[in-house]
Amino acid sequence: MGMTIAQKLIKSHLVSGDMTAGHEVGLKIDQTLTQDATGTMAYLELEAMDIDRVKTELSVAYIDHNTLQTGFENADDHRFIQSVAKKRGVYFSRPGNGICHQVHLERFGKPGKTLIGSDSHTPTGGGIGMLAMGAGGLDVAVAMGGGTYYITMPKIVKVNLTGKLSPWVAAKDVILEVLRIMTVKGGVGKIIEYGGEGVSTLSVPERATITNMGAELGATTSVFPSDEVTKAFLKAQGREEDWIELKADEDAVYDEVIDIDLSALAPLAAQPHMPDRVKSVTEIGKIKVDQVCIGSCTNSSLLDMMKVAAILKGKTVCPSVSLSIAPGSKQVLNMIAQNGALSDMIDAGARILESACGPCIGMGQSPNSKGISLRTFNRNFEGRSGTADAGIYLVSPEVAAASALTGYLTDPRDLGEFPEITLPEEFIINDNMVAVPASPDEAKDVEVMYGPNIKPFPTSEPMTEDITAKAVLKVGDDITTDHIMPAGAKILPYRSNIPYLSQFCFGVCDKTFPERIKEEGKGIIIGGANYGQGSSREHAALVPLYLGVKAVITKSFARIHCANLINAGILPLNFVNPDDYDKITQGDELSLEGIKNAIINSAPAVLKNITTGESYELKYDLSERQKDIILAGGLLNYTKKSM
């Protein structure tokens, strides 16, 4: 029986385990990436492991999230990351060089390689045939130290693409259609693999847009073949030698197949406040728009920028609309500056932002109160924009640019003939904003620079025999990491300061939570389905750890957050009967008697509700390795013990 692309990538990097869906597999990691919102903690963890030199083929630290410097905190973190990178053998992409996923695709990604990054949109690399996965910072630190990365062997879903996109219909519409079909829960435990005759009609930037937003499906990753289109992209980047052909076998068998006719798609939009609330632009209608933001790791490529510039050329942005545009990398910004596209944007009235994540992570450009903002980003969670009552719609660059001109949500097909854009055969290559690490001899004299905002990694203790605590918080379905540990310009500078961050934990759901759990000293969280979806930020586990959360009991978990809870030493449990969720009230006294022995012996777990006298059967999906991590009190304790 033939193999899929994903199976080939996993097999070629398999360190341990059985490639049967549902079984844990250990993978050798070739490359890692970090960004500054999660990177400071990842490098604190690397330092805690006393690793002299990273063991990967390539590791890159990017500065792209916390670039708004209203105080010393972000600058101090950047200095810390740069000093660790120089000392430990990590390449350092300086502020202004661009968004991690865009730059990595351009300059570092290689077909056939494995990549994990401390950012949930790392699967962008699947656009050139990488096995690229988002992970918690501690997992990335372990991989940098030469450790194995573990995942549960996913099912493989083929999205069979036929036809060709019509004018004004974009790659963003492809992934929005997949989200409409599969939902934000539909990709959990799966790899999405794209195939079919339609693949050859999509450029690498278009493929990367699609794999980028596979994160919103909850998928382990997404991947495209590495073909002649990939080869042409790498050649244009001066990296043709990095290309290998990678495709599925003709007789490969998939767990599921979804057929999408590209020629049948229309411009789509995801409505507030979830990426899978997808309707066609015409179906939603001509709603008034207050703001348009174009950019992010999803849609900031040269191709995207050229399309936007062509639409705006010779026109003026509607007076009632604020339009901001953030090119994804220094390379993109430099090229549109030289070819005149940047001038077309400026002439039309666009506000040009630096090549960084910016508004996508809530770092500036918050819309007006109750404002409608169209964004080419990947997430529209409530409050993520920085304005709690704003309505955020996710759209393609074509829809965004057209709507900026008219002042209302607009089907770009109404603009007439589509401006044809072709990518150049050669890109401008200048890596002068990437700092090369010191040699091993020089590294001995490099001092790691700590700032006053950097606080120690929160400690955890080995698991106790029993866990008895109140249900200190009860939340519903689809709780995101933005709910647990919000982003935004006011909070992001403190990502290296867990004690300060703790006062904002679950602020979107219940502002009293931090004080209540501090009074209790410990607690158990009760959650609904798909708990922890969204970002890979391990702060959504580390802050609850700091506050005293001992266990999280839900109907189901998102993959990365569940792994982060285990890494932090917080026990993730699921209800065997989801209806038992309704029987627990916030404030109930709960007990997990004999839970340590139950985990050691793989015995059933039972939750006793002391308040009501009821008991509920629980289950846990832990490999033997994960059991040892939980028993040790987290991955850092486990790794130190192993080393």
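The following exchange concerns a predicted model and the grounds for some of its structural labels.

Modeller: Residues are numbered from 1 along each chain as its sequence is written. In this predicted model, local features need pLDDT of at least 70 and side-chain atom pairs count only at pLDDT 80 or more, while totals for chains, interfaces and linings use all residues, and side-chain values use heavy atoms, leaving out hydrogens and water.

Colleague: What makes S10 and S11 a strand pair?

Modeller: Strands are DSSP runs of E with at least two residues, helices runs of H or I with at least four, both numbered from the N terminus, and pairing requires at least two bridges found by DSSP. Three bridges join S10 (residues 190-195) to S11, running parallel, so the pairing criterion is met; in S11, threonine 221 is the bridge partner of isoleucine 191.

Colleague: Why are S11 and S12 called edge strands?

Modeller: The open sheet has the order S11-S10-S9-S12, with parallel pairing, and strand S11 (221-223) and strand S12 (256-261) each pair on one side only.

Colleague: Why is helix H7 described as largely enclosed?

Modeller: Buried means under 20% relative accessible area with a 1.4 Å probe and protein chains only, exposed means over 50%, and partly exposed lies in between. Nine of the nine residues of H7 (residues 204-212) are buried, so the helix is largely enclosed by the rest of the structure; among them are Glu206 and Arg207. The elements covering these buried residues include H6, S10, S11 and helix H10 (302-312), where contact means heavy atoms within 4.5 Å.
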